[in-house]
Amino acid sequence: MLADAASAWPLLAPGSWPTLIAGTLVIALLSLGIHDLAISHLGVPYPKEDAVPVWAKYLGQGVRFAATVALCRAASIYFLGRNAFVAAAIMGGLVAGLYESLRVIGIEWVILDGWRRLNWVYVLTDRAPASILTFYQRAIATFIARRWRSGWNAPVVIAIAATSAFGYFTLSPGLTIAMSRITSALGVAQPVVLYWPPYDLHVYAYIYGLFIESAIFTVALAAISWTGLGDRLSRCVSMFAFLLLLARGRPVALLAFSYWIPARLPVALACEGQFFLETFVLASLSALLWARVRAREVGVP
C-alpha cells in the first residue's frame, strides 16, 4: 500500500510500472511534438532573447527559483527525515533533469560530432555552466524550503533574491570564464556544425528520444510533491502545472521576453508560446499520470 509520496517509488506494485513507463513515453512524444510542430511545420521561429534586458532576465531567474522553493515546500513530506544535503542533491538533480541537462548535451554531441578529437570537451564545457547553475540554485531552494514555516516572509524573499542574484551575476559568468579557460588551455576550437535544421531522421531520433529525460523527472517531481499540492485531483493537477510553468520560466518569457524578440508581436508570442504549451502539456499530463498510478496503489483519486 502506498502510504505517502515518500514511499511512492519503492513500493509501486509491479502492475503499475507498465502504466508509468508507457505513460511517460507518450507524454514525452506529445509535449515535444507541440514544439516540433510549431518550429518545423508551422514556421514558428526559435525565440532569440539576446535583446532581452538584464533586469527582465533576472526577474525570470528569480521567479523560477521561487517556484522551485514552492515545489520543495510541497515535497516536504518526501524530504522529511532526510539529511539536508541528500534532500538538496535530490531536488537539484530532479530539476536539472527537468531542464534537459543531459538531453542538450546529447543533441549538441551529435550535431557537433562529440566523438571527434576533443569536440566532447567543447560540448561539455559549453553546457556545464547552465547545468551547474541549475543544480546549485535548486539545491539551495531545498535548504530555503526547509526553513520556510509559513507565508512568504521577509527572510524567504531575501534569501531567494540573494541566491538568484549570486547565481545570475556571479556564478554563471564565473563558470563561463572557467570553462573557456579550460578549452583554451587544451587548444579546443569551436567544432564545425554537422547538421542544420530541418534535421534528418538520424538527429530527430536523438531529439525525441532524449526528451524522455524531462518527462521522467517531471513525473518524479509530481510524485514527490503530490501530497503537498492539495486534497483534490483538480487542485493537485492545476497547482503542479502552474508551479512547473513558473519553475521553467514560461509565463515570464511569454508575457515579458516576447516584447524584446526581434519580430512582430504575434510572431514573438508564438515563439515563446510554443514552449509555454509544451511545458503545460508536459506538466498536466505528468500530474494526471501520477494521479492514475497513485489511485491504483491506494484506491483514492
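This is a dialogue about how to read a few features of a predicted model.

Biologist: Where should I begin with a predicted model such as this one, and how many helices and strands are there in the chain?

Modeller: A plain start is to list the elements before looking at any single residue. The chain has twelve helices and zero strands, so that, read from the N terminus, the order is α-α-α-α-α-α-α-α-α-α-α-α. The radius of gyration is 20 Å, close to the 19 Å given by the globule rule for 301 residues, and the chain is therefore as compact as a globular protein of that length. Along the principal axes, the C-alpha atoms fill a box of roughly 55 × 45 × 40 Å.

Biologist: What share of the residues counts as buried, and what do the contacts join?

Modeller: Burial is judged from relative accessible area, with under 20% counting as buried. Of the 301 residues in this chain, 48% are buried. Among the contacts between residues at least 6 apart in sequence, 80% join residues that are at least 24 apart. The accessible surface comes to about 14,700 Å², and 69% of that belongs to carbon and sulfur atoms.

Biologist: How many side chains are positive and how many negative?

Modeller: There are 22 positive and 14 negative side chains, and the centres of these two sets lie 8 Å apart.

Biologist: If I now pick one helix, α5, how many of its residues are buried, and which elements do those buried residues pack against?

Modeller: One can count the buried residues of an element and then ask what covers them. In α5, nine of the eleven residues are buried, so this helix is largely enclosed by the rest of the structure. The buried residues include Arg103, Glu108 and Trp109, and the buried set packs against α1 (16-41), α4 (84-98), α6, α8 (201-209) and α9 (212-225).

Biologist: What is the phi of Asp113, which follows α5?

Modeller: Most residues other than glycine have a negative phi. Asp113 has a positive phi, near 55°, and lies in the loop between α5 (101-111) and α6 (119-147). Its relative accessibility is 25%, which is why Asp113 counts as partly exposed.

Biologist: What is the phi of Arg117, and does Arg117 count as buried or exposed?

Modeller: Arg117 is not a glycine either, yet its phi is positive, about 50°, and its place is in the loop between α5 and α6. Arg117 counts as exposed because its relative accessibility is 68%.

Note on methods: Residues are numbered from 1 along each chain as its sequence is written. This is a predicted model: local features need pLDDT of at least 70, side-chain atom pairs count only at pLDDT 80 or more; totals for chains, interfaces and linings use all residues. Side-chain values use heavy atoms; hydrogens and water are left out. Helices (H or I, at least four residues) and strands (E, at least two) are DSSP runs, numbered from the N terminus. Buried means under 20% relative accessible area, exposed over 50%, partly exposed in between (1.4 Å probe, protein chains only). The radius of gyration is taken over C-alpha atoms; the globule rule is 2.2 Å times the number of residues to the power 0.38. Contact means heavy atoms within 4.5 Å. Accessible areas come from the Shrake-Rupley method with a 1.4 Å probe; for residues, only the protein chains shown count as cover. Lys and Arg count as positive and Asp and Glu as negative; His and the chain ends are not counted. The place of a charge is taken as NZ of Lys, CZ of Arg, CG of Asp or CD of Glu.
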